[in-house]
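Colleague: I am new to this structure. Could you show me how to read its empty spaces?

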Amino acid sequence: MAFFGLFGKEKKETLDKGLEKSKTSVLDKISHAIAGKSTVDDDVLDNIEEALITSDVGVETTLRIIERIQERVKRDKYVGTAELNALLVDEVSQLLAENEQTDIRDFSEPLPAKPYVVMVVGVNGVGKTTTIGKLAYQYKQAGKKVYLGAADTFRAAAVEQLCIWGERIGVPVIKQQQGSDPASVAYDTLASATANDADVVLIDTAGRLHNKINLMNELTKIKTVMQKVVPNAPHDVMLVLDGSTGQNAFEQAKQFTKATQVSSLAITKLDGTAKGGVVIGISDQFKIPVRYIGLGEKMEDLQVFHREEFVKSLLGV
């Protein structure tokens, strides 16, 4: 019961429900891996390795997990297959903790700066603007004053979509006409936010990767201009990835981490997919903490990421 006091029973149920397909897929594979076995031997480890790789955890991360399990089995002398899930939860949670994965409890926690500026990056179609809208809602519900900046000026639909979210939630959206300089929009947003004592500023940026050099230059310019208003802004560069795309999300993470210094991840669309393992793999491979996960359509379905509870839900513990 102590855990529910912190995380909330409703949130836990949403997490379990959102990861249902991933959990079923992983558990089926693990059950098959240990069928007829009583101890964790080499055959079981080989089968677990295959189960994790086919669950989109990724090869490198899977090998790291298997290595940790081997060391644990060696240390504990005897590990039965019945303890395997609990052992996996423990080792994967520790692995994520080593990737600077410091869990925040919820949206009401004190922020490290005022205004706290988040620049949101990611390709079109991953749920970037929707994630910004849901974040704005959650922060507002937590009593924080939020401003949105529509700096994805190349796609009229992006500005329009952000404005719809702003009206829906009741937070101001700073915008300019289509084709305007994104850095100029970011500057105006921060100037307005600081003048009006805002707590959180979320800046939407263009979602394209066709030319990495252009993207790099654009994001660098936005950062430079923002720092004229708020020193050290942005405080967080958050990459939004579509979890349902599995290995394609790895490639997007690779491209964006080359183009700019990404400091956190939001992984969306985890409900309705069996690819939840991608959360573990991406966080481990790129050494970037997962901060939020998207588990459904409702505004409340964007959750703060809690590594141990995520792994428990994924493995059905």
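Colleague: What volume does the largest cavity have?
Modeller: Start with the general idea. Rolling a probe the size of a water molecule over the atoms shows where empty space is left. In this predicted model, the largest cavity has a volume of about 80 Å³.

Colleague: How many cavities of 30 Å³ or more are there?
Modeller: The count comes to two.

Colleague: Which residues line the largest cavity?
Modeller: Val-26, Leu-52, Ser-55, Val-57, Ile-65, Leu-88, Val-92, Gly-277, Ile-280, Leu-314 and Leu-315. Helix H6 (84–98) supplies at least two residues of that lining, and so does helix H13 (307–315).

Colleague: How does the lining of the largest cavity divide by class?
Modeller: Nine residues are nonpolar and two are polar. No charged residue is in that lining.

Colleague: Now the pockets. What is the volume of the largest pocket?
Modeller: About 380 Å³. Its lining has 20 residues. Those nearest the centre of the pocket are Lys-11, Thr-14, Glu-300, Asp-301 and Gln-303.

Colleague: Which elements give two or more residues to the lining of the largest pocket?
Modeller: Helix H2 (9–18) and strand E8 (302–304). H2 gives the most, with five residues.

Colleague: And which classes make up the lining of the largest pocket?
Modeller: Nine residues are charged, six are polar and five are nonpolar. Set that beside the largest cavity, whose lining has nine nonpolar residues, two polar ones and no charged ones.

Terms used:
Residues are numbered from 1 along each chain as its sequence is written. This is a predicted model: local features need pLDDT of at least 70, side-chain atom pairs count only at pLDDT 80 or more; totals for chains, interfaces and linings use all residues. Side-chain values use heavy atoms; hydrogens and water are left out. On a 1 Å grid over the protein atoms alone, a cavity is a set of points where a 1.4 Å probe fits but cannot get out, and a pocket is an open set with protein on both sides within 12 Å along at least five of seven lines; lining residues have an atom within 4 Å of a point. Grid points are joined across faces, edges and corners, and a volume is the space filled by probe spheres set on the points. Helices (H or I, at least four residues) and strands (E, at least two) are DSSP runs, numbered from the N terminus. Ala, Val, Leu, Ile, Met, Phe, Trp, Tyr, Cys and Pro count as nonpolar, Asp, Glu, Lys and Arg as charged, and the others, Gly among them, as polar.
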